[in-house]
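Subject: Structure for your review

Dear colleague,

Please find below the structure I am handing over to you, followed by an account of what was found in it. I would be grateful if you would read the two side by side.

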Amino acid sequence: DESFFDLPSTTGRRAVYVGRFYAWKGLEVLPKAAKLMHDVEVKVVGGSREEFEKVFGDAGDLKFAEVPYAQVVNELAAADVLLLTGTGKNEDSNRYTAPMKVFEYLATGKPVVASRTEALESLIPEALVHYCAPDDAEALAKATEAALNDKSGSEARIAYAREHTWRARAQRIASLFTQ
């Protein structure tokens, strides 16, 4: 697949999800939400259309890219908003899954749309992301539209990501053993 970064947008507005296609990630809302958004290309980075459809069914108008990890930064740079889904239908997803990629997303300074799962809500302050109800395509579409119009908060997102780098996390953990 070609890199999304190298392809011109037909709309000029891009929403990007980066990650694998596991059933507990709630990605089945993406094709439905994409149909509800106006002039927004929704890109899924991390697998093929065929892989997505094996897990979630019809992929609709979603665009796909499989790129080496080193090129993911290009995909993030090409996005106008970054998407992080989760599902309330799976207890692990809802209560315990808070992927590290949320900090990669925040580090870009770009607006982030995230499913309001218990895990994410306990980790990321409301002011830093556009939360939406999990498993709700209309809520995801509305939050994405709002995020596309968000011109504030990039410095706060970047600062929060800096507080949660691997190094910062390791230092916090190490300090538990030296107290």
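F177 is exposed, with a relative accessible area of 69%. Please note that this value, like the others in this message, comes from a predicted model. F177 belongs to helix α9, which spans residues 166–177. Together with I173 and L176, F177 forms a nonpolar patch on the surface, and the accessible area of the three residues comes to about 380 Å².

Helix α8 (residues 154–162) has two faces to consider. Its buried residues are R157, Y160 and A161. They cover an arc of only 100° around the axis and therefore lie on the same side of α8. On the other side of the helix, E155 and R162 are exposed. The cover over the buried residues of α8 includes α5 (101–107) and α6 (118–123).

The buried residues of helix α1 (residues 29–36) are V29, L30, P31, A33 and A34. These residues pack against three strands, β1 (14–18), β2 (41–45) and β4, and against the helices α2 (49–56) and α7 (137–148).

T85 merits separate attention. T85 is placed in the loop between β4 (81–84) and α4 (91–96). Is T85 buried or exposed? Its relative accessibility is 9%, below the 20% cut-off, so T85 counts as buried. Leaving aside residues up to four places away in sequence, T85 touches Y17, K25, G26, L27, V29, L30 and S115. Two of these contacts, V29 and L30, are with buried residues of α1. With K25 there is also a polar approach: a polar atom of the T85 side chain lies 2.6 Å from the backbone oxygen of K25.

I turn now to the charged side chains. Side chains of opposite charge can pair when their charged atoms come close. In this model the count comes to eight salt bridges, and three of them are described here.

The first to describe joins E118 and R95, whose side chains meet at 3.6 Å, N to O. Because E118 lies in helix α6 and R95 in helix α4, the pair ties together parts that are 23 residues apart in sequence. Both partners are partly exposed: the relative accessible area is 45% for E118 and 40% for R95. The two residues also belong to a wider arrangement, since E91, R95 and E118 are linked in a network of salt bridges.

Next, the side chains of R116 and E121 form a salt bridge with an N to O distance of 2.6 Å. R116 counts as partly exposed at 30% relative accessibility, and E121 is likewise partly exposed, with a relative accessible area of 39%.

The remaining pair to report is E138 and K142, whose side chains meet in a salt bridge at 3.1 Å, N to O. What separates these two residues along their helix? E138 and K142 are four residues apart in helix α7, so about one helical turn lies between them. E138 is partly exposed, with a relative accessible area of 45%, whereas K142, at 56% relative accessibility, counts as exposed.

With kind regards

Key
Residues numbered from 1 in each chain as written. Predicted model: local features only at pLDDT ≥ 70, side-chain atom pairs only at ≥ 80, totals over all residues. Heavy atoms only, no water. Patch = residues over 30% accessible without salt bridge, like charges linked within 9 Å, V, L, I, M, F, W, Y side chains within 5 Å. Areas by Shrake-Rupley, 256 points an atom, 1.4 Å probe, with all protein chains shown as cover. Salt bridge = Lys/Arg side-chain N within 4 Å of Asp/Glu carboxyl O. Buried < 20%, exposed > 50% of the residue type's maximum accessible area, 1.4 Å probe, protein only. Arc of directions from axis to C-beta. Contact = heavy atoms within 4.5 Å. Polar contact = N/O pair within 3.5 Å; in protein donor to acceptor, adjacent residues only side chain to side chain.
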